[in-house]
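Okay, thanks for making room for me today. I'll put the structure up and then walk you through some parts of it.

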Amino acid sequence: MAILSRSEAKRILDKVLKFSRANEASAQLAGSETGNIRYARNSVSTSGIVNDIELAVEARYGKKSGVATINEFSDASLEKVMRRAEELAKLSPENPEAMPTLGAQKYVSVDGYAKSTADITPDQRAKAAADSIIAAKEKKVVAAGYLEDERAFAAVATSKGLFGYHASTSANFTVTMRTEDGLGSGWAESDVTDFGTMNTGSTSSVAIDKAVLSQEARALEPGKYTVILEPNAVSGLVGYMMSGFDARNADEGRSFMSKKGGGNRIGEKMFDKRVHFYSDPADLNVPAQPWADNDFMRLERTDWIKDGVVKNLARNRYWAEQSKGEVVPEPNNLIMVGGDKSTEELIKNTRRGILVSRTWYIRMVDPQSMLLTGLTRDGTFYIENGKIKYPVKNFRFNESPVIMLNNIEDMGIPQRVGMWGMSAMIPALKVRDFTFSSLSDAV
Amino acid sequence: MERRKFLKIAGVGSSGLLLPLQGVQVSAEQLLNEGMHSSHKRHLADVVLNTARKAGASYTDVRIGRYLNQYVMTRETNVENIVNTESLGAGIRVIANGTWGFAATNDLTADGVARAARQAVAVAKANAKYQTEPVRLAPVKGIGEVSWQTPIQKNALQVPISEKVDFLMDVNNGALKAGASYIQSSLYLVNEQKYFASSDGSYIDQDIHRLWAPMQVTAVDKKSGVFKTRNGLSDPVGRGYEYLAGHKKDKIRGQTTLYKASYDMAEDAMLAAEQAKAKLSAKSIDPGKYDLVLEPSHLCLTIHESVGHPLELDRVLGYEANYAGTSFATLDKWRSGKFQYGSDKVTLFADKVQPGSLGAVAYDDEGVKTKRWDLVKDGVLVNYQATRDQVHMIDQKESHGCSYGDSWSSVQFQRMPNVSLAPGEEKYSAKDMIRDVEKGIYIVGRGSYSIDQQRYNFQFGGQLFYEIKNGEIVGQVEDVAYQSNTQEFWNACSAICDSSDYRLGGTFFDGKGQPSQVSAVSHGCSTTRFDKINVINTKRKIS
């Protein structure tokens with residue numbers, strides 16, 4: 001029941017909208033089947049399957065709107081949910097920022113559904129965990145990991161003729177390997193559309209190698225270092241920065257994207273000229289739903305930063321009207337253009353530096369400069385003359401991604417990572433003068 | 001079972017808050033409907049207990065839950081969103097073949113819950129293949145039928161939405177009049193109606209209420225391009241709508257007004273506007289070592305991160321290694337009986353009983369009567385936070401009552417109880433404390449926070465910073481963050497104010513587990529001094 005076909009979904013949406021007596025109405029039907037398995041201390045701890053399907057209906061009277069949701073779809077239920085949305089709309093205060101319900105949209109075609117993920121069985125999940133645990137036991141390390149897979153659909157429609165349907169699959173696997181004495185730790189991730197391309201054993205091997213190599217870490221003085229940040233180390237910082245690409249906050253003067261004296265920094269060269277970020281729902285590496293969640297506006301390929309210049313900030317329809325700007329919906333994926341080198345090649349070309357496998361517990365310190373703090377984790381190594389020399393203790397960093405993206409020395413091949421609930425393609429970066437402010441004893 | 005959904009709330013200084021949404025969106029009136037009668041829940045519970053036992057369970061518990069949330073969100077003169085949700089169902093946990101199994105259903109018929117009970121047993125039997133050590137449960141004596149309610153005076157869900165909107169609009173208008181450029185303010189209301197029954201012979205009906213009224217005020221100087229924010233100083237509480245009465249007796253006047261058992265949000269909003277503006281031209285701190293005087297609305301979060309989390313037994317044992325992390329407070333340190341977590345002034349206790357706290361319940365989610373116990377006594381690590389299936393690992397026979405599941409559809413597991421710092425025994429006020437500091441900073445309110453995965457190294461900011469020179473506050477400062485190591489920090493604790501200054505702070509949406517679950521927890525303390533802590537200056541220039 002949770003996954004409906006395009007025609008089944010359309011039938012329900014058409015029917016519920018027919019019950020509408022409001023000026024305008026819109027509806028979103030979304031369903032998913034999510035499976036998971038979790039293990040720790042080399043033993044499976046929990047596993048589960050979650051099914052869900054829900055219809056959300058919004059009724060509009062001018063600037064008043066009401067939303068009601070329901071998870072049953074008989075005619076009586078569909079009428080009931082629409083009536084409830086209408087009642088809520090009549091009772092709700094006017095929202096001066098409400099924009100008209102959208103009419104038909106032309107959505108790009110997205111190929112983000114893989115049968116191997118859709119057909120995954122509990123036995124396959126158990127085997128995925130077992131492959132990781134067996135690899136850990138062989139190397140005498142302790143595994144803790146989590147696999148979550150999902151098949152999902154979303155369908156949207158409005159009383160003004162809009163309709164869209166999108167089906168997707170995804171699987172995300174993360175694993176932490178720790179040596180038995182707790183002195184070494186490694187982590188790895190695999191984020192895919194097609195479960196058939198996931199190999200939890202080989203992903204686990206990456207984490208095991210890091211755990212073993214990171215033992216007996218030496219302390220280096222905090223300070224500014226040339227660093228090679230692997231994709232999962234980069235994503236934590238750029239994820240924060242891109243979440244601040246908002247035109248309204250910038251225009252209101254409360255963002256690192258605000259311009260002194262008023263306005264925003266679109267058109268300014270703020271980054272190294274190689275920096276290029278864009279979103280594209282049809283990207284084959286990170287396919288994504290082709291409309292915005294809030295109002296079903298179509299998503300298209302959008303440059304955020306190109307040649308180091310700020311090209312776009314997300315701008316909703318209300319703010320676009322107020323600021324006489326273009327509507328730019330919030331994206332569902334992110335792609336950072338990288339280079340053609342592997343992490344090994346980046347290391348080979350480094351005289352002195354630090355390899356950072358992963359960053360952790362990143363928080364905003366100052367939104368004015370986008371200064372972030374966080375820590376390195378699960379494999380931090382000193383590089384000398386093109387080789388990893390020895391593991392080093394973890395550092396706390398205090399750094400702005402804006403500064404980091406001005407100090408790029410080189411870039412690696414982008415890899416798919418999970419970022420802020422969406423998927424992103426992010427390269428490893430070699431960056432000079434990265435600021436480590438203190439040491440951490442954590443392993 | 002239902003999928004977890006989130007509502008994204010925009011905010012400055014963070015990427016925005018993700019509010020968990022449970023169940024379906026309904027009208028505010030529906031939140032006031034009487035739930036299922038206790039006798040019917042008892043009937044369903046007995047169906048579950050009998051079915052599971054027949055299917056081979058050696059232990060069973062069932063939580064029949066109705067979870068109600070109401071979120072009212074505003075900015076400046078507009079209501080941004082009002083969301084009411086209701087989630088109803090039953091979660092069944094069993095032990096069969098020495099292994100846990102869990103299943104949940106929203107089909108609350110006798111057939112529906114019996115089916116889920118059988119499913120839970122089947123899951124346990126299937127997972128038993130991978131189990132290396134059978135579950136060992138600390139004994140709990142069944143207590144028959146009991147009920148408990150958060151001691152509220154006014155059920156916030158019964159207050160009309162229009163009244164809440166008017167209340168927030170007054171708050172916002174006050175801040176705008178006082179010179180705020182922008183303000184976002186919200187009310188988050190939670191009611192958990194939980195019926196727990198277990199094969200131990202307990203039938204526990206609890207009605208739990210929580211409330212949070214956060215806000216963020218922003219001041220912008222467009223000419224210089226500088227902007228500053230000041231968040232509200234309220235704390236999430238286990239209280240009713242009476243918390244928003246802002247009684248005079250609950251106010252502590254000082255550099256800013258601080259609040260005890262009730263909160264004057266309108267007053268705090270006006271103060272926030274003035275203070276945010278003052279931040280625009282405040283002196284930037286000189287980095288170095290300072291004696292820190294930490295006010296409870298700030299220190300509560302430091303306690304949460306540097307004491308609450310590292311003493312969760314599941315983290316210590318490695319069950320959270322892949323997500324939240326592990327802990328520096330390992331079993332060998334605890335077993336030594338000599339691990340100096342803090343100075344001899346430091347006693348940190350856990351509880352789920354303090355009135356007005358977020359953690360207060362009569363029984364936890366596996367039917368254990370709640371209590372208070374010490375974690376750190378006179379500076380020495382003495383205990384952890386544990387559940388029924390964990391206490392045997394620390395050679396104890398009685399569960400601490402730390403089990404919680406954030407929904408009927410989430411399996412319950414070990415969650416942090418309230419963790420608090422015992423007040424000083426000698427009469428000593430915050431003013432006395434400031435008077436005794438030569439070079440220091442007085443910090444109020446929660447700001448940026450980050451700590452490593454074993455809880456050694458941390459960095460905290462705040463909302464308001466006041467420089468202290470020779471026993472006097474000399475002015476507001478900015479760009480302050482302090483860095484320390486948990487053990488060094490608590491050993492640098494040199495003075496704690498007395499119980500008249502003690503109050504509760506807390507966190508409403510603490511995340512843990514995979515799939516992630518939220519929980520709400522309070523931390524009590526009095527204003528406390530920490531000597532010679534490293535303070536950094538956080539100001540940076542981007543071109």
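Let's start with helix H2 of chain A, residues 75–91. It has 17 residues and runs 25 Å from its first C-alpha to its last, close to the 24 Å expected at 1.5 Å a residue. Before I go on, please keep in mind that this is a predicted model.

So which residues of H2(A) are buried? They are A:Leu78, A:Val81, A:Met82, A:Arg84, A:Ala85, A:Glu86, A:Leu88 and A:Ala89. You'll notice that an arginine and a glutamate, A:Arg84 and A:Glu86, are on that list. As a reminder, an α-helix has 3.6 residues a turn, so residues three or four places apart point the same way. And what do the buried residues of H2(A) pack against? Helix H1 (6–18), strand S2 (43–61) and strand S3 (64–70), again in chain A.

Okay, stepping back to chain A as a whole. The domain assignment splits it into domain 1, 6–211, and domain 2, 216–443. Their C-alpha centres sit 25 Å apart. Where the two domains of chain A touch, 29 residues come from domain 1 and 25 residues from domain 2. On the domain 1 side, the elements giving two or more residues are strand S4 (141–158), strand S5 (163–179) and strand S6 (185–192) of chain A. By residue type, that side has ten nonpolar, 13 polar and six charged.

Next, a sheet in chain A. It's an open one with six strands, in the order S10-S9-S8-S11-S20-S19, and the pairing is mixed. Which strands are at the edges? S10 (309–310) and S19 (415–419) of chain A, each of which pairs on one side only. Further in, S11 (residues 333–336) and S20 (residues 422–426) of chain A run parallel and are joined by three bridges. If you want a spot to click on, A:Asn333 has A:Ser423 in S20(A) as its bridge partner. There's a helix to go with those strands, too: H6 of chain A, residues 231–243, lies across S8 (277–279), S9 (302–306), S11, S19 and S20 of chain A, at about 50 degrees to S19(A).

Over to chain B. Here the split is domain 1 at 5–280 and domain 2 at 283–537, with C-alpha centres 22 Å apart. In this chain, 49 residues of domain 1 are in contact with 46 residues of domain 2. Several elements give two or more residues to the domain 1 side, among them strand S4 (59–75), strand S8 (182–198) and helix H4 (265–280) of chain B. Which one gives the most? That's S9(B), with six residues. The domain 1 side divides into 23 nonpolar, 15 polar and eleven charged.

Let me zoom in on helix H4 of chain B, where you'll find B:Met270. Is B:Met270 buried or exposed? It's buried, because there are 22 other C-beta atoms within 10 Å, and the cut-off for buried is 20 or more. Leaving aside neighbours within four places in sequence, B:Met270 is in contact with B:Gly174, B:Ala175 and B:Ala178. Its C-alpha is also 8.0 Å from that of B:Val171, although those two are 99 residues apart along the chain.

Now B:Ile303, which lies in helix H5 of chain B, residues 296–308. B:Ile303 counts as buried because 24 other C-beta atoms lie within 10 Å. Not counting residues up to four places away in sequence, B:Ile303 touches B:Gly308, B:Val419, B:Leu421, B:His523 and B:Cys525. The C-alpha atoms of B:Ile303 and B:Ser522 are separated by 9.9 Å, with those positions 219 residues apart along the chain.

B:Val419 and B:Leu421 fall within strand S21 of chain B, residues 418–421, and four bridges join that strand to S16(B), running antiparallel. There, B:Phe349 has B:Ser420 as its bridge partner. S16 (residues 348–351) also pairs with S17 (residues 372–377) of chain B, antiparallel again and over four bridges. For that pair, look at B:Ala350, whose partner in S17(B) is B:Trp373.

Last bit: the contact between the chains. Chain B puts in 53 residues and chain A 74 residues. On the chain B side, S22(B) gives the most, with four residues. And that side of chain B breaks down into 22 nonpolar, 24 polar and seven charged.

That's my tour, thanks.

How values were computed: Residues are numbered from 1 along each chain as its sequence is written. Chains are lettered from A and ligands numbered from 1 in the order in which they are written. This is a predicted model: local features need pLDDT of at least 70, side-chain atom pairs count only at pLDDT 80 or more; totals for chains, interfaces and linings use all residues. Domain bounds come from an automatic or database domain assignment. Two residues are in contact if their C-beta atoms, placed from the backbone, lie within 7 Å. Ala, Val, Leu, Ile, Met, Phe, Trp, Tyr, Cys and Pro count as nonpolar, Asp, Glu, Lys and Arg as charged, and the others, Gly among them, as polar. The expected span of a helix is 1.5 Å times one less than its number of residues. A residue is buried if 20 or more other C-beta atoms lie within 10 Å of its own, exposed if 12 or fewer, and partly exposed in between; C-beta atoms are placed from the backbone. Two strands pair if DSSP finds at least two bridges between them. Axes are lines fitted to C-alpha atoms, for helices over the stretch in contact, and angles run from 0 to 180 degrees between N-to-C directions.
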